[in-house]
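Student: I would like a close look at one part of this model, namely the sheet, with its pairing, its packing and its charged contacts. Could you take me through that part in one connected account?

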Amino acid sequence: MYHKKMTAALAIAVLGSTSAVALADEPGEGWITFEQAMEKAKAAGYTELHSLEVDDKSWEGKGLKADGKKYEFQMEGTTGKITVDEED
C-alpha cells in the first residue's frame, strides 16, 4: 500500500509541477513505459522530477534528489538502466 501511495505522490508531483513533463519523441518498441521510467528514477534517488522525456534511444530527465541538489539523468529505453546521473 505504501508503494502505491508513493508512486501516486510522485506522479502528482511530476504531473502537477510548474515545469511541464513533455515527451519530445515517442518511446520505441519494447521500451519501458513512462510510469516505469518514473519508478526507475525514484529508485535511483530522485525525490522530485522536473522533466522526463524520450530523446533518441533513452529516457532523459532532470530533478531533485534527497540532498536537495538538481541532477540530470539518462536511462536506457528498453531496460531503464541509468547510464548518466550527474549534478546539473
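Tutor: Two strands pair if DSSP finds at least two bridges between them, and that is the sense in which pairing is used below for this predicted model. In β2, Gly 61 is the bridge partner of Leu 52, while Glu 48 has Leu 64 of β2 standing opposite. Eight bridges in total join strand β1, residues 46–55, to β2, and the two strands run antiparallel. The hairpin they make has two residues between the strands, and Asp 56 takes a positive phi there, near 55 degrees.

Taken as a whole, the sheet is open and has four strands in the order β1-β2-β3-β4, with antiparallel pairing. The strands β1 and β4 stand at the edges with a single partner strand each, so one side of each is left without a neighbour in the sheet. From one strand to the next, the twist averages 20 degrees. Helix α2 packs on this sheet, where it touches β1, β2 and β3 (70–76), and the direction of α2 makes about 135 degrees with that of β1.

The packing can be followed through the nonpolar residues. The largest nonpolar core has 14 residues, of which Leu 52, Trp 59, Phe 73 and Met 75 touch the most other members; the elements that give two or more residues to this core are α2, β1 and β3. Leu 52 is thus both the bridge partner of Gly 61 and one of the core residues that touch the most other members. If residues up to four places away in sequence are not counted, Phe 73 touches, among others, Ala 41, Tyr 46, Leu 49, Leu 52 and Trp 59. The contacts of Phe 73 also include Glu 60, Gly 61, Lys 62, Ile 82, Val 84 and Asp 85, and two of these, Lys 62 and Asp 85, take part in salt bridges.

That leads to the charged contacts, for the structure holds three salt bridges, and a pair enters that count when a side-chain nitrogen of Lys or Arg lies within 4 Å of a carboxyl oxygen of Asp or Glu. Asp 85 and Lys 65 meet through their side chains at 2.7 Å, N to O, and this pair links distant parts of the chain, as Asp 85 lies in strand β4 and Lys 65 in strand β2, 20 residues apart. With a relative accessible area of 15%, Lys 65 is buried, whereas Asp 85 counts as partly exposed at 35% relative accessibility.

A further salt bridge joins Lys 62 to Asp 88, with the closest N and O atoms 3.8 Å apart. This pair, too, links distant parts of the chain: Lys 62 belongs to strand β2 (residues 58–65) and Asp 88 to the segment after β4 (82–87), with their positions 26 residues apart in the numbering. Lys 62 counts as partly exposed at 35% relative accessibility, but Asp 88, with a relative accessible area of 51%, is exposed.

The remaining salt bridge lies in the helix that packs on the sheet: Lys 42 pairs with Glu 39, and their closest N and O atoms are 3.5 Å apart. Because Lys 42 and Glu 39 are three residues apart in helix α2 (residues 34–43), about one helical turn separates them. Lys 42 counts as partly exposed at 22% relative accessibility, and Glu 39, at 22%, counts as partly exposed as well.

Technical notes. Residues numbered from 1 in each chain as written. Predicted model: local features only at pLDDT ≥ 70, side-chain atom pairs only at ≥ 80, totals over all residues. Heavy atoms only, no water. Buried < 20%, exposed > 50% of the residue type's maximum accessible area, 1.4 Å probe, protein only. Axes fitted to C-alpha atoms, helices over the stretch in contact; angles between N-to-C directions. Contact = heavy atoms within 4.5 Å. Core = buried A, V, L, I, M, F, W, Y, C linked by side-chain atoms within 4.5 Å.
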